[in-house]
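This briefing goes through one protein chain by topic. Please keep the sequence and the structure open while reading.

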Amino acid sequence: METIDRYIYAVTQKLPQAQRKDIADELRGLIEDMLEERVGIANIKESDVEDVLLELGSPNELAEKYRGTKKYLIGPELFDSYILVLKIVLIVVSAGIGIGFLIQTILDPISILDYFIDMIVSLVTSLPMAFGWTTFSFAIGERSGEVKRKDLIGQEWKPSDLPPIPDEKRQIKRGESIAGIIFYAIFIAFLAFSSDYFGIWVFQDEFTGVVPFLNEQTYGSYLMFIILLFGFGILKECLKLVSGKWTYKLAIVTIIVNAVSMAAIVFIINGPDFWNPEFMNELAEAGVVTVGSEAFDIVNKVWDQLTFWIIILLVIGLVWDAVDGFIKARKK
């Protein structure tokens, strides 16, 4: 019956991923045995199902019995996802920094010692931050879930209170959240270690250097804020992974995180010292374009409008992310 399915779903969603199927099978068998003992298989009514479920107790209480009552920073319900995300984030950040080191070494092997020192500094700086953001994100998810469970335990419960099994259209695919986490982790690694290679690469028979997009003199003062912003992105994706489905609360959190990120990024990239003020001159000196040529005018026009289009694309992406969440949260 649908009520039994909803009850089993409500219990197992509060348990670790690896245990859900076994406990679902065990719980279904227990309910069937209790029904058969009461009325027999052929005469089961909805009221009989409700009586059995009332005897078993609310899904929150039963899930607590399966899990135990130990206190966790990140409990069994979220621990599998936490370890998966943590591994992905640490591997991606480490790999990004390592790849950056290899590229720099290949292009300029004479300075390998300087690049190696930079790599170590970046690892020491980025890995603890990535670990901290991931753990913080899941700890928030654990805490919010624990508060809900405490609020419900001990209250009068009836089977009609069971929420419906969510529509697949409301579900958040784990792959989407993990892809988002990887995206933010890559940018953290790149911005922390290889930002000086973010620009136009110049080759004249061989690699001669990079004309940077960013102001090398002031970029360091922005770096911590930029990493924090991408950290908020990881936080948002972790909350999506923890929730597993779109809700109004999650959509509101997404709007808040996106709004804060958007405001901060707009403020940063609109700053007079963020972009390289000598970009066009350095581009001409590198022989990429010639001053006064049509190509120079086109590139100069694109460069002048770069901030505007970045902001437009950013607004579209973040607004759509929030609107899509609300649309999916409404689906039943």
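The bend at a residue is the angle between axes fitted to the seven residues ending there and the seven starting there. By that reckoning, helix 11 has a kink of about 45 degrees, centred on Leu-306. The model is predicted, and the chain averages a pLDDT of 78.

**Overall make-up**
- The protein chain has eleven helices and two strands.
- Read from the N terminus, the order of the elements is α-α-α-α-α-α-α-β-β-α-α-α-α.
- The chain has 332 residues, and 43% of them count as buried.
- When contacts between residues at least 6 apart in sequence are taken, 77% of them join residues at least 24 apart.

**Confidence**
- A pLDDT of at least 70 is reached by 86% of the residues.
- Helix 10 has the highest confidence, at 88, while helix 6 has the lowest, at a mean of 73.
- Over residues 146-154 the pLDDT stays under 50, and the model has 14 contacts beyond four places in sequence for this stretch.
- Where pLDDT is low, the predicted coordinates should not be read in detail.

**Helix 11**
- Helix 11 covers residues 294-330, which makes 37 residues.
- At 1.5 Å a residue this helix should span 54 Å, and because its end C-alpha atoms are 52 Å apart, the expected and modelled spans agree.
- The kink lies at Leu-306, and two of the buried residues of the helix are Trp-303 and Thr-307.
- The other buried residues of helix 11 are Phe-296, Ile-311, Leu-314, Leu-318, Asp-321, Ala-322, Asp-324, Gly-325 and Ala-329.
- These buried residues pack against helix 8 (219-243), helix 9 (248-269) and helix 10 (279-285).

**Nonpolar cores**
- In soluble globular proteins, nonpolar side chains tend to be buried together.
- The largest nonpolar core here has 59 residues, and the members that touch the most others are Phe-138, Ile-226 and Phe-274.
- Two or more residues of this core come from each of helix 5 (76-107), helix 6 (112-152), helix 7 (174-193), strand 2 (206-212), helix 8, helix 9, helix 10 and helix 11.
- Helix 8 contributes the most, with eleven residues.
- Which residues does Ile-226 contact, leaving aside neighbours within four places in sequence? Ile-226 is in contact with Leu-191, Tyr-219, Ile-268 and Phe-274.
- There is also a second, separate core of 19 residues, and Ala-10, Val-52, Leu-56 and Ala-63 are among them.

**Strand pair**
- Strand 1 (residues 199-204) and strand 2 run antiparallel and are joined by six bridges.
- Val-202 stands opposite Gly-209 in strand 2, and Gln-204 has Glu-206 as its bridge partner there.
- The hairpin made by the two strands has one residue between them, and Asp-205 takes a positive phi near 70 degrees in this hairpin.

**Helix 8**
- Helix 8 has 25 residues, so at 1.5 Å a residue it should span 36 Å.
- The end C-alpha atoms of helix 8 are 36 Å apart, which agrees with that expected span.
- Just after helix 8, Gly-244 takes a positive phi of about 80 degrees.
- Ser-221 is placed in helix 8, and because its relative accessibility is 49%, Ser-221 counts as partly exposed.
- Ser-221 and Phe-274 are 53 residues apart along the chain, and their C-alpha atoms are separated by 9.6 Å.

**Positions in helices 6 and 7**
- Is Ser-122 in helix 6 buried or exposed? Ser-122 counts as buried because its relative accessibility is 6%, and the cut-off for buried is under 20%.
- The C-alpha atoms of Ser-122 and Ala-189 are separated by 8.0 Å, with their positions 67 residues apart along the chain.
- Ala-179 sits in helix 7, and its relative accessibility of 43% is why Ala-179 counts as partly exposed.
- From C-alpha to C-alpha, Ala-179 and Ile-88 are 9.7 Å apart in space, and they are 91 residues apart in sequence.

Technical notes: Residues are numbered from 1 along each chain as its sequence is written. Side-chain values use heavy atoms; hydrogens and water are left out. Helices (H or I, at least four residues) and strands (E, at least two) are DSSP runs, numbered from the N terminus. The expected span of a helix is 1.5 Å times one less than its number of residues. Buried means under 20% relative accessible area, exposed over 50%, partly exposed in between (1.4 Å probe, protein chains only). Contact means heavy atoms within 4.5 Å. A nonpolar core is a set of buried Ala, Val, Leu, Ile, Met, Phe, Trp, Tyr and Cys residues joined through side-chain atoms within 4.5 Å. Two strands pair if DSSP finds at least two bridges between them. pLDDT is the predictor's confidence in each residue, from 0 to 100.
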